[in-house]
Amino acid sequence: YLLEGKVPAALELKNKIEETLSVKPINISKDSGHVTLVTFIKTYIQDNKAFKSTATITSYTSTLVRIKQFESISNKKFEFDDVDLDWRTGFLKFLQSLGFGRNTEGKHIKNLKVFLNEATERGINKNMIFKSRSFRRPTEDVYKIFLTKEEINVIANLNLQNDRLKEIVRDYFVIGCSTSLRYSDLVRIRRENVRGTFICMITAKTGQEVVIPIS
């Protein structure tokens, strides 16, 4: 509620606390019967909704969607034993056909390895191919543009008083340059985040607190 800038009513807060404390992870183990890759991923995501950030759950869900799409075009329900190096190659080619970049491919492979690690810990998966060096996630260097302090000052001092929208967008841009906050955090800055000469907030992606000197 604090991150979203809301002040809940007492009953609303009470119901949310009870809802959160009553979460019981779904128990899938090697004794739970037949479990496919997609079945396990669905359960894993559901189990972790109360414990991981919204951004992480969104990323996991995105990977689940792509694996289900890959199942559909493969006309096959994937078992854990199916996930070998040939499977990885086919999955990456499928992602490439959708126009994704190497780093997005890497995100999905990274999430897949999280799922497989958990399934292994629970005694469901016995296929260890995903731990081999050849099953690594693809990456590529990203060309990042940066501005000098002088260039940022030119933008900050630009007279945009006749266009309020551009003025607001410019201010957000300059604050973003000065704080290095992600956009998802930048747009959540509130008065309560300003403490003296610092901006203090919990980041949406990682859930970590950051303390940033105000320029």
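A polar contact is a pair of N or O atoms within 3.5 Å. The exercises below apply this and a few other cut-offs to a predicted model.

**Exercise 1. The surroundings of D185**

Task: Determine where D185 lies, whether D185 is buried or exposed, and which partners the side chain of D185 reaches.

Solution.

Step 1. Locate the residue. D185 belongs to helix α8, which covers residues 183-186.

Step 2. Judge the burial. Buried means under 20% relative accessible area. The value for D185 is 1%, so D185 is buried.

Step 3. Examine the backbone partner. The distance from the side chain of D185 to the backbone nitrogen of A204 is 2.7 Å. This pair falls under the opening definition, where the limit is 3.5 Å.

Step 4. Examine the side-chain partner. The side chains of D185 and R188 are joined by a polar contact of 2.6 Å. The pair is also a salt bridge, with 2.6 Å between the closest N and O atoms. R188 is buried, as is D185.

Step 5. List the contacts from elsewhere in the sequence. With neighbours within four places left aside, D185 is in contact with M201, I202, T203 and A204. A204 thus appears in this list and also as the backbone partner of Step 3.

**Exercise 2. Salt bridges**

Task: State how many salt bridges a search of the whole structure finds, and describe where the partners D47 and R122 lie.

Solution.

Step 1. Give the total. The search of the whole structure yields eight salt bridges. Side chains of opposite charge can pair when their charged atoms come close.

Step 2. Consider D47 and R122. Their side chains form a salt bridge with an N to O distance of 3.1 Å. D47 is in helix α2, while R122 is in the loop between α5 (102-121) and α6; the pair therefore ties together parts that are 75 residues apart in sequence. D47 has a relative accessible area of 6% and is therefore buried.

Step 3. Consider E167 and R164. Here the side chains meet in a salt bridge at 2.9 Å, N to O. The two residues are three apart in helix α7, which means a separation of about one helical turn. R164 has 54% relative accessibility, so R164 counts as exposed.

Step 4. Look for shared partners. D47, E118 and R122 are joined into one network by salt bridges that share partners.

**Exercise 3. Aromatic rings**

Task: Classify the ring pair F40 and Y44 as stacked or tilted, and do the same for F70 and F78.

Solution.

Step 1. Give the total. Across the whole structure, a search finds eleven aromatic pairs.

Step 2. Treat F40 and Y44. Their ring centres are 6.3 Å apart and their planes stand at 25 degrees, so the pair is stacked. The cut-off for stacking is under 30 degrees. Both residues are in helix α2 (residues 37-48), four residues apart, about one turn of the helix. F40 and Y44 are both buried.

Step 3. Treat F70 and F78. For these rings the centres lie 5.3 Å apart and the planes are at 40 degrees, so the pair is tilted. F70 and F78 are buried.

Step 4. Identify the cluster. One aromatic cluster is formed by F40, Y44, Y60, F80 and F115.

**Exercise 4. The surroundings of T63**

Task: Find the helix that holds T63 and name the residue whose side chain makes a polar contact with the side chain of T63.

Solution.

Step 1. Locate the residue. T63 is part of helix α3, residues 54-74.

Step 2. Judge the burial. The relative accessibility of T63 is 0%, so T63 counts as buried.

Step 3. Name the partner. The side chain of T63 has a polar contact of 2.8 Å with the side chain of N111.

Step 4. List the contacts. Not counting residues up to four places away in sequence, T63 touches K107, H108, N111, L112 and F115. F115, one of these, is also a member of the aromatic cluster in Exercise 3.

**Exercise 5. Residues at the surface**

Task: Describe the nonpolar patch that contains L13, and state whether N157 is buried or exposed.

Solution.

Step 1. Describe the patch. Y1, L13, I17 and L21 make up a nonpolar patch on the surface, and together they have about 380 Å² of accessible area.

Step 2. Place L13. L13 is in helix α1, residues 10-21. The relative accessible area of L13 is 36%, so L13 is partly exposed.

Step 3. Turn to N157. N157 is in the loop between α6 (149-156) and α7 (164-179). With a relative accessible area of 64%, N157 is exposed.

Step 4. Compare sequence and space. N157 and R170 are 13 residues apart in sequence, and their C-alpha atoms are 9.9 Å apart in space.

Conventions: Residues are numbered from 1 along each chain as its sequence is written. This is a predicted model: local features need pLDDT of at least 70, side-chain atom pairs count only at pLDDT 80 or more; totals for chains, interfaces and linings use all residues. Side-chain values use heavy atoms; hydrogens and water are left out. Patches are made of residues with over 30% relative accessible area and no salt bridge: like charges are joined within 9 Å, nonpolar side chains (Val, Leu, Ile, Met, Phe, Trp, Tyr) within 5 Å. Accessible areas come from the Shrake-Rupley method with a 1.4 Å probe; for residues, only the protein chains shown count as cover. A salt bridge is a side-chain nitrogen of Lys or Arg within 4 Å of a carboxyl oxygen of Asp or Glu. Buried means under 20% relative accessible area, exposed over 50%, partly exposed in between (1.4 Å probe, protein chains only). Rings of Phe, Tyr and Trp (its six-membered ring) pair if their centres lie within 6.5 Å; planes under 30 degrees apart count as stacked, over 60 as edge-to-face and the rest as tilted. A polar contact is a pair of N or O atoms within 3.5 Å; within protein, one must be able to donate a hydrogen and the other to accept it, and residues adjacent in sequence count only if both atoms are side-chain atoms. Contact means heavy atoms within 4.5 Å.
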